[in-house]
Structures are given as C-alpha cells and as structure tokens.
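Good morning, everyone, and thank you for making time for this. Please have the sequence and the model open in front of you, and I will go through a few parts of it slowly.

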Amino acid sequence: MDYKNKKVLVIGMAKSGVSSAVLLCRLGADVTIYDIKPKQHLPEHLLDELEGYKYHDMLGKDPIDLIPEMDILVLSPGVPLGLPFIKKAYELNKSVIAEIELGFEVSKADFIAITGTNGKTTTTALTGEIFKSAGIPTHVLGNIGVPITQEAMQTKAGDVVVAETAALQLDTISDYRPRESAILNITEDHLDRYGTMENYIAAKAKIFKNQTAEDYCVLNYDNELVRALAPQIKAKVVWFSIDMIPQNGAYIKEGNICFSLEGKETIILPAKEVRIPGRHNLENALAASALACLYGIAPEVIAQTLRTFPGVEHRIEFVRTVNGVSFINDSKGTNPDATINAIKAMTAPTVLLLGGFDKKNDFVPLFEEFTPMIKAVIVLGDTAEKIIAAAQECNYPNYIRATGFEDAVLKAYSIADEGDNVLLSPACASWDMFRNFEERGRIFKEIVKGL
C-alpha cells in the first residue's frame with residue numbers, strides 16, 4: 001500500500017504505536033496519534049522518537065469524530081476492538097490493521113513467524129541466533145520487545161525477520177503472510193480478552209491464514225489443540241514432537257534431535273547437549289531446528305547454536321545465590337502452563353512466588369501439577385484470593401499471603417533453607433503492580449541483589 005498523504009490514526013502509544021507513527025511519518029502519511037492517556041500520563045521520553053516529525057495529537061481525547069476522514073487505523077497489540085470509534089471505523093469500511101501488518105507491508109525480508117501460549121520468546125530468540133550463526137542478515141522482532149515497524153524500512157531482500165507473534169497482534173491482520181510459521185502450543189490464556197478458548201484458538205490460527213502451498217507451517221504434534229488445526233492449513237505442515245516420529249518434522253530418535261523431510265533424515269545433535277533445561281525447552285529446540293532446516297541451514301550450525309544458546313532474560317533465569325538459596329527469575333511465566341514448565345525444571349526444594357493480574361485463568365490445574373519440590377507458595381497480587389481458593393481446593397496447605405512484591409521476596413527468602421530455590425513464576429500477567437513482566441523481573445533481581 002502507498003501510505004503517502006493517507007490519513008492514518010495510530011492507536012495505542014506504547015513502543016509499537018510510537019514506532020508505527022514514526023514509520024508512517026517517514027512514508028509521507030498524514031499521521032494522528034491516539035492513546036486513552038493524555039501526554040502527561042504517558043511514560044517519560046516515550047514520544048521522543050517522534051520529535052522532528054509532523055503529526056496530530058489526539059492523546060487523551062475521543063477520536064470518534066475523526067473516523068470518517070481517516071483512511072487507515074493502525075492498532076497496537078491489545079487495543080480492544082470493541083471501542084466505539086473502532087466499531088465506527090469498521091461500519092464505515094475503513095482499513096483497520098495491526099502494527100505487524102504495517103511492518104510486514106513495508107519490509108522486504110522473509111518472515112519466520114512464531115506463536116504459541118508459551119515458549120514464543122525463547123524459540124524466537126533461539127531461531128534468530130541460528131539464522132544469525134548461518135550468516136543470514138536477521139532481525140529478531142515483534143512481541144519479543146522490538147516492534148516490526150521499528151526496523152521494517154531497514155530490511156533488505158535476502159534478510160529474514162524472525163517475529164514473535166502473539167494472538168493480540170494477529171487479531172487485525174489482513175495480508176500478513178510468513179514464509180514459515182510455527183505454533184508451539186495452545187493452553188488456556190487471555191480469556192479476559194477472548195472470553196472462550198475457541199476465540200483464543202481462532203486468533204492464534206490467523207498466523208497461517210494467508211499461507212499457501214509454497215509456505216511451511218510447523219506444528220507441535222504433542223499438543224492436542226495444535227494438532228487439531230492441521231486440516232485448516234493450506235501451507236505444507238511439518239511437525240515437531242518429543243513423543244513420536246513424524247514423517248516430516250523434528251523429533252527425538254535414539255537420544256538425538258533429528259529432522260526428516262520427504263524421506264531424508266538428518267541427525268542434528270544429541271538431545272542431552274541442548275543447553276537450555278527442561279522438556280519445554282527441548283520442544284522449543286525442536287521447533288527452532290525445524291524452522292532452520294526448512295530454510296536450508298546446515299545441521300552443524302543448528303547444533304552449535306543449541307549447544308551454546310543460554311536462554312532469555314526473565315525465563316528460568318538464574319539471578320544469584322544468597323546464603324545457599326538460589327533465586328530464579330521466571331517473570332515471563334504469565335500463565336499457569338508456563339509456571340508448570342518452570343516447576344518441572346526445578347531439581348531442588350523450591351519456594352514459589354505466585355500471583356498478579358487476573359486474566360481469568362484457572363489455577364487448580366497448576367496446583368494439581370505441583371511436584372514434591374514445591375515446599376511453599378508465597379501468594380500476592382490481584383489473584384491472591386483466587387490462588388488461595390485453588391490451593392485449598394487441592395488440599396495444598398503451604399501458602400503464605402504477602403502484602404506486596406518486596407514482602408513476597410523477603411518472606412520467600414526467610415523460609416528457604418540452604419540448597420533451596422526461590423522461584424518467581426507468577427502464572428499471571430504483571431499489570432496489577434508493574435508496567436510489564438520485564439519490569440517485574442528487573443525489580444525482582446534488584447531486590448535479590450540487595451539481600
């Protein structure tokens with residue numbers, strides 16, 4: 001699309017909204033920015049990137065009267081589609097697109113898009129490292145922290161964008177078409193927005209909406225909800241699995257990670273040599289290996305990256321040992337299934353910090369998955385009462401209510417013995433106390449480093 005002189009309303013002034021506005025200004029669009037918050041209530045310096053560009057400011061105002069004159073609305077992830085002015089835009093047949101759609105349209109790169117309830121960040125970062133190690137100009141973008149629109153104009157033909165792609169980003173895509181896509185898993189999450197699992201699954205499934213038989217879609221065979229999507233997909237389906245050996249895909253055979261396509265099997269490396277721990281990370285390694293193999297990357301490059309990749313910040317990240325107590329930051333554990341994965345990776349008695357913003361998740365399955373390693377739970381945040389009710393339903397008695405975040409860390413430290421872990425894996429979003437999970441993780445590390 002030619003954006004020159006188009007009237008565009010950019011909605012939501014977080015990182016992706018600001019980078020979208022900058023990109024549109026550079027493309028010659030007539031840009032208006034909107035956020036429910038007025039400028040003085042936005043984070044300091046957030047709009048600095050727009051300095052020097054001409055744009056209209058509707059921050060903190062109702063833009064509904066502007067909609068008839070707008071050509072395009074660009075939505076940041078998570079903007080509610082039921083807002084009156086967005087409904088009006090749809091009624092008037094205005095173009096309503098996602099930030100990732102705008103970045104995709106402008107970029108000249110091949111897209112490798114990765115989604116799933118859990119594991120997106122680790123798999124995206126790992127896949128990006130494999131592609132970089134292969135000498136391919138690679139941009140690791142999307143929900144991982146760098147908006148696609150921020151680097152879209154810098155990409156060239158022959159580059160690759162490895163994009164972490166959340167359901168909230170897929171809601172309003174139109175032509176977004178990755179050369180390769182992957183769905184890592186689907187478990188209960190974001191029901192505060194989608195209402196039902198069916199709606200949430202449908203949002204995830206949009207990742208392959210525009211793919212054709214020339215493209216690839218990598219699916220987790222071991223996840224029933226993901227496996228059930230295969231009949232809908234026009235792209236060539238390639239599987240990954242720990243539990244079985246698919247005809248086409250990545251799998252474990254005789255202790256090795258292998259990849260097969262059209263009858264040709266390639267051994268990549270022994271599974272025990274993958275550096276990042278846990279079964280869930282073995283799944284992530286299989287998905288990344290499949291994506292890399294499909295792009296033609298040599299198995300020895302994939303193997304070397306799997307041996308050396310240390311993981312990502314805020315995902316089962318070792319922080320420090322204090323008087324024999326190891327502190328682990330898993331602030332990225334924003335739903336019960338992610339926390340279950342973290343729990344299963346613990347090999348020592350663990351005090352778990354649990355609670356935060358309520359996304360309408362059920363915590364009973366989390367307590368049902370507790371291993372004997374979970375010696376106590378410190379409960380905090382908006383979901384505290386809901387978590388305590390789940391603990392009681394599951395006859396789990398070892399919970400302590402904290403009055404705040406620092407109090408939770410200190411309480412956990414006070415009951416941990418030498419050789420124990422203190423694990424921050426809240427099973428909830430962070431928005432009741434923090435701007436995002438990154439801030440929650442950073443503050444956790446600051447508190448720990450001050451002990």
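Let me begin with Lys120, which is buried because its relative accessible area is 8%, and the cut-off for that word is under 20%. I should say early that what we are looking at is a predicted model, so please hear every value today as computed from that model.

Where does Lys120 lie? Lys120 is in helix 4, and when we set aside residues up to four places away in sequence, Lys120 touches Ile114, Thr115, Asn143, Glu164, Thr165, Ala166, Leu184 and Lys204. A polar atom of the Lys120 side chain also lies 2.8 Å from the backbone oxygen of Gly116, and that brings us to Gly116 itself, which sits in the loop between strand 6, residues 110-115, and helix 4, residues 120-133. Is Gly116 buried or exposed? Gly116 is buried, with a relative accessible area of 0%, and beyond its neighbours within four places in sequence it is in contact with Leu184, Asn185 and Lys204.

Both residues also appear in a record, since UniProt, in an unreviewed entry, lists Gly116, Thr117, Asn118, Gly119, Lys120, Thr121 and Thr122 under "binding site". From this set, Asn118 and Gly119 belong to the lining of the second largest cavity.

Let me now step back to the chain as a whole. The protein chain has 16 helices and 20 strands. Its radius of gyration is 22 Å, close to the 22 Å that the globule rule gives for 451 residues, so the chain is as compact as a globular protein of that length. Along the principal axes, the C-alpha atoms fill a box of roughly 65 × 55 × 35 Å, and 57% of the 451 residues count as buried. If we take the contacts with a separation of 6 or more, 67% of them are between residues 24 or more positions apart. The chain exposes about 18700 Å², and carbon and sulfur atoms supply 49% of that area.

Next, a covered element, helix 3. How many of the 8 residues of helix 3 are buried? In helix 3, which covers residues 99-106, 7 of the 8 are buried, namely Glu99, Ile100, Glu101, Leu102, Gly103, Phe104 and Val106. These buried residues pack against several elements, among them helix 1, strand 4, strand 5 and strand 6, and they also pack against helix 5 and helix 6.

Finally, let us move along the chain to residues 314-428, where UniProt, again in an unreviewed entry, places the feature "domain: Mur ligase C-terminal". The end C-alpha atoms of this span lie 14 Å apart, and the span is 30% helix and 25% strand. Residue His314 lies in the loop between helix 11, residues 299-308, and strand 15, residues 317-322, and it has a phi near 75 degrees, a positive value in a residue other than glycine. Asn323, in the loop between strand 15 and strand 16, also has a positive phi, near 50 degrees. As for their surroundings, His314 is buried, with a relative accessible area of 2%, whereas Asn323 counts as exposed because its relative accessibility is 65% and the cut-off is over 50%.

Notes:
Residues numbered from 1 in each chain as written. Predicted model: local features only at pLDDT ≥ 70, side-chain atom pairs only at ≥ 80, totals over all residues. Heavy atoms only, no water. UniProt positions renumbered as here; feature names shortened; annotations may be inferred. 1 Å grid on protein atoms, 1.4 Å probe; cavity = no way out; pocket = protein on both sides within 12 Å on 5 of 7 lines; lining within 4 Å. Helix = DSSP H or I, 4+ residues; strand = E, 2+ residues; numbered from the N terminus. Buried < 20%, exposed > 50% of the residue type's maximum accessible area, 1.4 Å probe, protein only. Contact = heavy atoms within 4.5 Å. Polar contact = N/O pair within 3.5 Å; in protein donor to acceptor, adjacent residues only side chain to side chain. Rg over C-alpha atoms; globule rule 2.2 N^0.38 Å. Areas by Shrake-Rupley, 256 points an atom, 1.4 Å probe, with all protein chains shown as cover.
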